[in-house]
Amino acid sequence: MHGLIDWKALLLGSEDWHFLIEISLRTTIMFVVLLTGLRLLGKRGVKQLSVFELVAIIGLGSAAGDPMLYKDVGILPALIVFVIVVILYKVVTYFIGQNKKFELLVEGKPICLIKDGVFSIENFRKEALGEDEFFSELRMQSVSHLGQIEEAIVETSGDISLFFYEDDKVKYGLPVMPSVLSTSTERISEPGHYACTFCGYTTKSAPMAKKVCPTCKKHKWVKADNKKRIN
C-alpha cells in the first residue's frame, strides 16, 4: 500500500522540499506588506467596512495570497498591486471627503428600516436583508418587539443603529421572538392588540374570521407585545 502513494507529490505537489523555505520567506514578506497596507488604509478600513473599503481589503488579500503559495508569481508584481490599491484608496477617500454626491455614489447612504415601531416596507425591500436575519440582530440588542423601537437605521457599513422609546412611551409592537412568530394566524380568536407579521402595523381588534392589514393588505397576525425593554 505504501508503494501506491506518492507522498512527496501528495505533500508538495510538483515542488521540491526546498520550496518550503521559499514559502516561509514569501509568507513573511507578504505578511509584513499586508500589515503595512492595512495600516495605511487606516483604522476605519479595518473595523467597519463599507462596500468600497471591502473591495480594497479583498484586493490587498488577493495580491498577498498568490505570491505566498505559487512559485511562478513574483513578489514585485504583488507589491505594485499593493501600491496601486493603496493609492486608489487614498484618492477615492479624498474625493469622498470633498464631494457629498461622490460619497453617496461610492458608499451609499443610511436607510431607515423601522419608523415609530413599524417597518418602512419600501426601504426594507431595497436592502439584501432577510426578516429572520434582521430579527436576530434585534434580539442580540435586547429587543423583544418593534414597539420598543422609535427608529432603526442600517448604516453604510451594514451595522444597524437602534433608537429606543423611553419606557413610558413603549407601544404595542410586533414580537421578534421565533416562538411567537410561528403562531401567526388569519383568524382573530379573542379581543386584544395584534400586529401584522409583514409590516408590523398594530391594532386593537375584536374577534373576526379574517382581518386584512390596512397598510400592506396582508392577513397574518400575532398578538402584539408592549413589554418594556430590559437592558
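# Reading a helix, a sheet and their rings

Author: Let us start from two residues, F134 and F135, both of which are buried, bearing in mind throughout that the model is a predicted one.

Reader: Which residues of helix α8 are buried, and how should I read their spacing?

Author: The general idea is that an α-helix has 3.6 residues a turn, so residues three or four places apart point the same way. In this case, helix α8 spans residues 131-140, and its buried residues are F134, F135 and L138. These residues cover an arc of only 95° around the axis, which puts them on the same side of α8. Exposed residues are found on the other side of α8, namely D132 and M140.

Reader: What do the buried residues of α8 pack against, and what follows the helix?

Author: The buried residues of α8 pack against four strands and two helices: β1 (111-115), β2 (118-119), β3 (149-154) and β4 (160-164), together with α7 (121-126) and α9 (178-181). After α8 comes S142, which has a positive phi, near 65°.

Reader: In what order do the strands of the open sheet stand?

Author: In general, strands of a sheet pair through backbone hydrogen bonds, either parallel or antiparallel. Here 4 strands make up an open sheet with the order β2-β1-β3-β4, and the pairing is antiparallel. The edges are taken by β2 and β4, each of which has a single partner strand, so one side of each is left without a neighbour in the sheet. Looking at one of these pairings in detail, β3 and β4 run antiparallel and are joined by 5 bridges, and I153 stands opposite S161 in β4.

Reader: How many aromatic pairs are there, and how is such a pair to be described?

Author: A pair of aromatic rings is described by the distance of the centres and the angle of the planes. The count for this structure comes to 4 aromatic pairs. Among them is the pair of F119 and F135, which is stacked, with 6.0 Å from centre to centre and 20° between the planes. Because F119 lies in strand β2 and F135 in helix α8, the pair ties together parts that are 16 residues apart in sequence. F119 and F135 are both buried. A further pair is that of F134 and F135, which is tilted, its centres being 6.4 Å apart and its planes 35° from each other. F119, F134 and F135 thus belong to one aromatic cluster.

Reader: Which charged residues sit over rings?

Author: There are two examples to inspect. K218 lies over the face of F198, 5.0 Å from the ring centre, while R229 has its charged end over the ring of F164, at 3.8 Å from the centre of that ring.

Reader: How many disulfides does the structure hold, and how do I examine the cysteines?

Author: The structure holds 0 disulfides. For C196, the closest cysteine sulfur is in C216, and the distance of 3.4 Å is too far for a bond, since a disulfide requires the two sulfur atoms to be within 2.5 Å. C196 counts as buried, with 0% relative accessibility, and C112 counts as buried as well, with 18%, because the cut-off is under 20%.

Reader: How is the pairing of β5 and β6 to be read?

Author: These two strands pair in the antiparallel sense over 4 bridges, and A195 stands opposite T202 in β6. The hairpin of β5 and β6 has 5 residues between the strands, and in it G200 takes a positive phi near 85°. In a regular strand the side chains alternate between the two faces of the sheet. In β6, T203 and S205 form the covered face, whereas T202 and K204 form the uncovered one.

Reader: Where does T197 lie, and which residues is T197 in contact with?

Author: T197 lies in the loop that runs between β5 (192-196) and β6 (202-205). T197 counts as buried, at 16% relative accessibility. If its neighbours within four places in sequence are left aside, T197 is in contact with E131, L174, S184, K220, W221 and V222.

Reader: How many helices and strands does the chain have?

Author: The secondary structure comes to 9 helices and 7 strands. Of the 231 residues in the chain, 32% are buried. Among contacts in the chain with a separation of 6 or more, 56% are accounted for by residues 24 or more positions apart.

Definitions and conventions
Residues are numbered from 1 along each chain as its sequence is written. This is a predicted model: local features need pLDDT of at least 70, side-chain atom pairs count only at pLDDT 80 or more; totals for chains, interfaces and linings use all residues. Side-chain values use heavy atoms; hydrogens and water are left out. Buried means under 20% relative accessible area, exposed over 50%, partly exposed in between (1.4 Å probe, protein chains only). The arc is that of the directions from the helix axis to the C-beta atoms. Contact means heavy atoms within 4.5 Å. Two strands pair if DSSP finds at least two bridges between them. Rings of Phe, Tyr and Trp (its six-membered ring) pair if their centres lie within 6.5 Å; planes under 30 degrees apart count as stacked, over 60 as edge-to-face and the rest as tilted. A charge sits over a ring if NZ of Lys or CZ of Arg is within 6 Å of the ring centre and within 35 degrees of the ring normal.
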